[in-house]
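Q: Hi, I've got this model open and could use some company while I look around. Can we go through it together?
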Amino acid sequence: MKTLVIITHPNMAASRVNKSWLEELQKQGDFTIHELYKEYPDENIDISKEQKMLKAHDRIIFQYPLYWYSTPPLLKKWFDSVLQYGWAYGPDGSKTEGKEIGVAISTYGSEESYQPTGFNQFTLEEILRPVQALVHFISATYLPHFALSDISNLTDERLTQSSIDYIHHIKSVKPVVVG
Ligand SMILES: Cc1cc2nc3c(=O)[nH]c(=O)nc-3n(C[C@H](O)[C@H](O)[C@H](O)COP(=O)(O)O)c2cc1C
């Protein structure tokens with residue numbers, strides 16, 4: 001199983017969570033790590049390079065901080081430009097078929113806030129539905145997400161544990177059973 005982790009953080013220098021997750025990934029050595037803002041500081045995505053990378057991996061994890069209940073803009077641009085008609089969907093568009101795709105997100109809001117009765121009103125599963133729908137649309141298989149929430153109360157111990165748990169998650173997560 002070849003795993004590609006696509007990291008999209010507009011300001012990695014100021015990051016605490018995504019940087020710690022990245023450092024833990026780098027220690028492993030058995031994942032392909034791809035930082036979109038580092039690769040494309042001008043946001044000019046090399047579509048054929050990205051498509052080749054996708055084709056060469058079985059499991060893809062999109063790692064990013066939650067921005068306005070969505071992805072940072074470069075990841076949205078990546079979805080729009082890389083997952084093309086005739087490549088990822090439509091006639092002969094089967095290049096992503098059977099891939100396993102998941103998300104790893106960090107959120108400022110606490111776990112309690114991401115509940116129907118909490119401040120953010122919706123669960124993270126609900127907020128991630130557009131990504132889940134996209135994955136289904138391109139004939140890939142959606143993996144349960146990994147998250148770290150409540151960043152304002154984040155201790156170094158919880159961050160270290162989360163980074164260890166993240167690696168375990170990427171290696172062992174199983175697809176969501178629908179129905
Ligand atoms: C433009 C912007 C939008 C954000 N939107 C959300 C949001 O919708 N929900 C949330 O919980 N946190 C939101 N945040 C907080 C980030 O998700 C949080 O700072 C980040 O996950 C921390 O990870 P890091 O240490 O890797 O930067 C937002 C931050 C920014 C800058």
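Q: Let's begin with His145. Where is it found?
A: Happy to help! This is a predicted model, and His145 is found in the loop between strand E5 (141-142) and strand E6 (146-148).

Q: Is His145 buried or exposed?
A: His145 has a relative accessible area of 18%. The cut-off for buried is under 20%, so His145 counts as buried.

Q: And which residues does His145 touch, not counting residues up to four places away in sequence?
A: His145 touches Val103, Leu124, Glu125, Leu128 and His169.

Q: Val103 is in a strand, I think. Which way does it point from E4?
A: Val103 points the way of Ile101 and Ile105, while Glu100, Gly102, Ala104 and Ser106 point the other way from E4. Residues on both sides are buried.

Q: How many residues of E4 are buried, then?
A: 7 of its 7 residues are buried, and E4 is mostly covered.

Q: Which strand do the bridges join to E4?
A: Strand E4 (residues 100-106) is joined to E3 by 7 bridges, and the two run parallel. For landmarks on screen, Ile61 has Gly102 in E4 as its bridge partner, and Pro65 stands opposite Ser106 in E4.

Q: What about E3 on its other pairing? How many bridges does it have with E1?
A: E3 pairs with strand E1 (residues 3-7) over 5 bridges, in the parallel sense. If you want a spot to click on, Thr3 has Arg59 in E3 as its bridge partner.

Q: Why is E3 described as largely enclosed?
A: Strand E3 covers residues 59-65, and 7 of the 7 are buried, so the rest of the structure largely encloses it. Arg59, Ile61, Gln63 and Pro65 point one way from E3, with Ile60, Phe62 and Tyr64 pointing the other way, and all are buried.

Q: Switching to helices. At what angle do the axes of H3 and H4 cross?
A: Roughly 85°. Helix H3 spans residues 47-55 and helix H4 spans residues 73-82, and their axes come within 10 Å. H3 and H4 are therefore roughly perpendicular to each other.

Q: Which residues meet there, between H3 and H4?
A: From H3 you have Ile47, Glu50, Gln51 and Leu54, and they meet Trp78, Ser81 and Val82 in H4. By class, that contact has 4 nonpolar, 2 polar and 1 charged residues.

Q: Which residues of H4 are buried?
A: Leu74, Leu75, Trp78, Phe79, Ser81 and Val82 are the buried residues of H4.

Q: And what covers the buried residues of H4?
A: The cover includes E1, helix H2 (36-39), H3, E3 and helix H6 (129-137).

Q: Now the loop after that helix. Where does Thr96 lie?
A: Thr96 lies in the loop between H4 and E4. Thr96 has a relative accessible area of 2%, which means it is buried.

Q: What is Thr96 in contact with, leaving aside its neighbours within four places in sequence?
A: Thr96 is in contact with Leu54, Leu83, Trp87, Ala88, Ile138, Ser139 and Ala140. You'll recognise Leu54 from H3, where it is among the residues that meet H4.

Q: How about Asp92, buried or exposed?
A: Asp92 also lies in the loop between H4 and E4, and at 69% relative accessibility it counts as exposed. Leaving aside its neighbours within four places in sequence, Asp92 is in contact with Gly86 and Trp87. For a distance check, the C-alpha atoms of Asp92 and Ala133 are separated by 20 Å.

Q: Any odd backbone angles? What is phi of Tyr69?
A: Tyr69 has a positive phi of about 60°, although it is not a glycine. Tyr69 is in the loop between E3 and H4, and it is partly exposed, with a relative accessible area of 40%.

Q: And what is phi of Asp150?
A: Phi of Asp150 is near 60°, again a positive value in a residue other than glycine. Look for Asp150 in the loop between E6 and helix H7 (156-172).

Q: Last one: what feature does UniProt place at residues 1-161?
A: An unreviewed UniProt entry places "domain: Flavodoxin-like fold" there, at residues 1-161. In this model the chain over residues 1-161 is 34% helix and 18% strand, and its end C-alpha atoms are 24 Å apart.

Conventions. Residues numbered from 1 in each chain as written. Predicted model: local features only at pLDDT ≥ 70, side-chain atom pairs only at ≥ 80, totals over all residues. Heavy atoms only, no water. Axes fitted to C-alpha atoms, helices over the stretch in contact; angles between N-to-C directions. Helix = DSSP H or I, 4+ residues; strand = E, 2+ residues; numbered from the N terminus. Parallel < 35°, antiparallel > 145°, perpendicular 65-115°, else oblique. Contact = heavy atoms within 4.5 Å. Nonpolar A, V, L, I, M, F, W, Y, C, P; charged D, E, K, R; others polar. UniProt positions renumbered as here; feature names shortened; annotations may be inferred. Buried < 20%, exposed > 50% of the residue type's maximum accessible area, 1.4 Å probe, protein only. Pairing = 2+ DSSP bridges.
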